[in-house]
Amino acid sequence: MDSLMPPTTGTIKRLTDKGFGFIAAADGVEYFFHQSACTSTPFDSMREGEAVTFTIGHGPKGPSAADVKSA
């Protein structure tokens, strides 16, 4: 992940009870995130449809989100 990349905005598309979810970004790409990627906003307080900011990373299965927080 390039730490110089500016934060990206998106909306939480789906959350699971297993501690991960997916964010739909404005560019149409869907990003996976794990609860450990949530920084100032706890995973358990996030809701589907909520606006978030995040940085783009690359996980073992494709694009992922890091430093996820409420917008």
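A strand, as the word is used in these legends, is a DSSP run of type E with at least two residues, and strands are numbered from the N terminus. By that definition, Asp67 is found in strand 5, which covers residues 62-70. The structure shown in every view is a predicted model.

**Figure 1. Close-up of Asp67 in strand 5.** Asp67 has a positive phi, near 50 degrees, although the residue is not a glycine. Its relative accessible area is 30%, so Asp67 is classed as partly exposed, the class between under 20% and over 50%.

**Figure 2. Strand 1 and its two antiparallel partners, strand 2 and strand 4.** Strand 1 comprises residues 8-15, and strand 4 comprises residues 51-59. These two strands run antiparallel and are joined by four bridges. Within this pairing, Gly10 stands opposite Val52 of strand 4. Strand 2, made up of residues 20-25, also pairs with strand 1 in the antiparallel sense, here over five bridges. Thr11 has Ala24 of strand 2 as its bridge partner. Strand 1 and strand 2 form a hairpin with four residues between the strands. In this hairpin, Gly19 adopts a positive phi near 90 degrees.

**Figure 3. The aromatic cluster of Phe20, Phe22 and Phe32.** The whole structure contains five aromatic pairs. In one of them, the ring centres of Phe20 and Phe32 are 5.6 Å apart and the ring planes meet at 35 degrees, so this pair is described as tilted. Phe20 belongs to strand 2 and Phe32 to strand 3 (residues 30-34), so the pair ties together parts that are twelve residues apart in sequence. Phe20 is partly exposed, with a relative accessible area of 23%. Phe32 is likewise partly exposed, at 33%. The rings of Phe22 and Phe32 have centres 5.8 Å apart, and their planes lie at 70 degrees; this pair is therefore edge-to-face. It links distant parts of the chain, since Phe22 is in strand 2 and Phe32 in strand 3, ten residues apart. Phe22 has a relative accessibility of 17% and counts as buried, because buried means under 20%. Ring pairs thus link Phe20, Phe22 and Phe32 into a cluster.

**Figure 4. Surroundings of the buried residue Glu50.** Glu50 is located in the loop between strand 3 and strand 4. This residue is buried, yet it has no salt bridge. The nearest side chain of opposite charge belongs to Arg47 and is 6.6 Å away, whereas a salt bridge requires a distance within 4 Å. The side chains of Glu50 and Ser70 are, however, joined by a polar contact of 2.4 Å. When residues up to four places away in sequence are not counted, Glu50 touches Gly10, Thr11, Ile12, Ser45 and Ser70.

**Figure 5. Ala51 and its contacts in strand 4.** Ala51 has a relative accessibility of 41% and counts as partly exposed. With residues up to four places away in sequence not counted, Ala51 touches Gly10, Thr11, Ser70 and Ala71. Gly10, Thr11 and Ser70 are also among the residues that Glu50 touches. The C-alpha atoms of Ala51 and Ser40 are separated by 14 Å, and these two residues are eleven residues apart along the chain.

Key. Residues are numbered from 1 along each chain as its sequence is written. This is a predicted model: local features need pLDDT of at least 70, side-chain atom pairs count only at pLDDT 80 or more; totals for chains, interfaces and linings use all residues. Side-chain values use heavy atoms; hydrogens and water are left out. Two strands pair if DSSP finds at least two bridges between them. Rings of Phe, Tyr and Trp (its six-membered ring) pair if their centres lie within 6.5 Å; planes under 30 degrees apart count as stacked, over 60 as edge-to-face and the rest as tilted. Buried means under 20% relative accessible area, exposed over 50%, partly exposed in between (1.4 Å probe, protein chains only). Lys and Arg count as positive and Asp and Glu as negative; His and the chain ends are not counted. A polar contact is a pair of N or O atoms within 3.5 Å; within protein, one must be able to donate a hydrogen and the other to accept it, and residues adjacent in sequence count only if both atoms are side-chain atoms. Contact means heavy atoms within 4.5 Å.
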